[in-house]
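Trainee: I should like to learn how to read the features of a protein model one by one. Would you take me through an example?

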Amino acid sequence: MARPVWSGALSLGLVTVPVELYPAVADHTIHFHQFERGTADRIRNRRVNERTGEEVTQGEIVKGYDLGGGDHVLVEPDELDEIAPERSRRIDIEQFVELDEIDPWFFDKTYWLKPAKEDFAKAYGLLLQAMDRSEKAGVAKFVLRGKEYLAAVRAGEGVMVLNTLHFVADLRKPKDVMGKLPEVPKPRPKELDMALALVDEMTAPWKPEDYRDEYSQRVEELIKAKEAGKEIAHEEEPEPSADVVDLFEALSRSVKNRKSGGKEPKKKAAKKPELAELSKSDLDKLAREQGVKGRSKMTRAQLEKALKAS
């Protein structure tokens, strides 16, 4: 069973419930040790004194804030704890909000909250039921490992869930990251309709169990193969297509492909487009493909008539 990463009290008005915080997400990343190539010698990271080269224990290390010019302000870990003595041991709910008002952009990590002792189960259960029925989240602040967090406390999976949230100051706007944003042209109505049809065709109930970490699985297979002394076969990356893609045609084929269960539908004889729906330039293009003579001098009506006869 996992150990709590934090213990303290959940506070709502005059109601205080001692609670423990447990991580709700496990890290399945495959971790490697470092070795010097060609040897069995481990490479290790050590904390050393920059001046003497001697190793320093964790207890002898203090924090230093860089003032620039080689000057630092040194701060003891205890001094940081002292400036937030209450908040470091309390999760104070300051207000409630509708859960869907919190944009997913703000969410960071997920934790479970449980009462610290059975004696506090009644008060814990009361708050849990109130949150569950209201479908609201309590907005709170607390300190974990020397850092203050904004959090949303809500009901889920039969327990209280705490999601740490990013502060607004932590979030970066697209223009701040990418500079000048691309000018997005307005799509043609038929392209937008086809894109919406593709979205509808690909819409299905959310089943998270259908998704797996395929890269980690391949890393495990690589390790097992190397352990067994087998040759590793590498799949070559497909060459990127240099063809200019017709967006409407690509969307149309995507929708048809989804409807056929992922199989490429059999090609049928080309169907003549509805001429009335085409623009004048598309009519000219079609007339050129059909070999209609004198097309440049024809009116729209004459073009349609010539194309119907071809």
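**Reading contacts, packing and cores**

Mentor: Let us begin with a single residue and its partners. Setting aside neighbours within four places in sequence, E191 is in contact with L247, F248 and L251. Please keep in mind throughout that this is a predicted model.

Trainee: Where does E191 lie, and is E191 buried or exposed?

Mentor: The general idea is to compare the relative accessible area with a cut-off, which for burial is under 20%. E191 is a residue of helix α4. Its relative accessibility is 13%, so E191 counts as buried.

Trainee: How should I read the packing of α4 and α6, and at what angle do their axes lie?

Mentor: One reads the angle together with the distance between the axes. Helix α4 covers residues 189-202 and helix α6 covers residues 247-259; they pack at an angle of about 25°, and their axes are 9 Å apart. The pair is therefore roughly parallel, since angles under 35 degrees fall in that class. The crossing of α4 and α6 is left-handed.

Trainee: Which residues make the contact, and how do they divide by character?

Mentor: On the α4 side they are K190, E191, M194, A195, A197, L198, E201 and M202. On the α6 side they are L247, F248, L251, S252, S254, V255, R258 and K259. By character, the residues of this contact divide into nine nonpolar, two polar and five charged. The three partners of E191 with which we began, L247, F248 and L251, are among the α6 residues just listed.

Trainee: How should I read a nonpolar core, and which members touch the most others?

Mentor: One looks at who belongs, who touches the most other members, and which elements supply them. The largest nonpolar core has 21 residues, and those touching the most other members are I91, L113, F142, V153, M160 and L162. At least two residues each come from β1 (6-12), β2 (15-23), β7 (90-98), β8 (107-115), α2, β9, β10 and β11. The largest share, four residues, is supplied by α2.

Trainee: What surrounds M160, and what other core is there?

Mentor: Beyond its neighbours within four places in sequence, M160 is in contact with L10, Y111, W112, L113, Y124, L127, L128, M131, V153 and R154. Apart from the core just described lies another one, of nine residues, including L275, L278, A287 and V292.

Trainee: Let us turn to backbone angles. Which loop holds E135, and what is its phi?

Mentor: Here one notes the sign of phi and the residue type together. E135 has a positive phi of about 55°, although this residue is not a glycine. The loop that holds E135 is between α2 (121-134) and β9 (136-144). With a relative accessible area of 61%, E135 is exposed. E157 can be read in like manner: its phi is positive, about 60°, and E157 is not a glycine either. E157 is found in the loop between β10 (147-156) and β11 (159-165). Its relative accessible area is 72%, so E157 is exposed.

Trainee: How should I read pairs that are apart in sequence, and where does R145 lie?

Mentor: One sets the separation along the chain beside the separation in space. R145 lies in the loop between β9 and β10, and R145 is exposed, at 68% relative accessible area. R145 and W6 are 139 residues apart along the chain, while 8.5 Å separates their C-alpha atoms. A further pair is E274 and E304, 30 residues apart in sequence, with a C-alpha to C-alpha distance of 9.8 Å. E274 is placed in the loop between α6 and α7 (280-290), and at 52% relative accessibility E274 counts as exposed.

Trainee: Which strand holds V75, and what is V75 in contact with?

Mentor: V75 belongs to strand β6, residues 71-75, and counts as partly exposed at 23% relative accessibility. Leaving aside neighbours within four places in sequence, V75 is in contact with V62, K63 and L80. The C-alpha atoms of V75 and G64 are separated by 6.0 Å, and the two residues are eleven apart along the chain.

Trainee: How many helices and strands are there in the protein chain, and what do its totals say?

Mentor: The protein chain has eight helices and eleven strands. Of its 310 residues, 20% count as buried. Among contacts with a separation of 6 or more, residues 24 or more positions apart account for 55%.

Note on methods
Residues are numbered from 1 along each chain as its sequence is written. This is a predicted model: local features need pLDDT of at least 70, side-chain atom pairs count only at pLDDT 80 or more; totals for chains, interfaces and linings use all residues. Side-chain values use heavy atoms; hydrogens and water are left out. Axes are lines fitted to C-alpha atoms, for helices over the stretch in contact, and angles run from 0 to 180 degrees between N-to-C directions. Angles under 35 degrees count as roughly parallel, over 145 as roughly antiparallel, 65 to 115 as roughly perpendicular and the rest as oblique. A crossing is left-handed if the near helix is turned anticlockwise from the far one by less than a right angle, and right-handed if clockwise. Contact means heavy atoms within 4.5 Å. Ala, Val, Leu, Ile, Met, Phe, Trp, Tyr, Cys and Pro count as nonpolar, Asp, Glu, Lys and Arg as charged, and the others, Gly among them, as polar. Buried means under 20% relative accessible area, exposed over 50%, partly exposed in between (1.4 Å probe, protein chains only). A nonpolar core is a set of buried Ala, Val, Leu, Ile, Met, Phe, Trp, Tyr and Cys residues joined through side-chain atoms within 4.5 Å.
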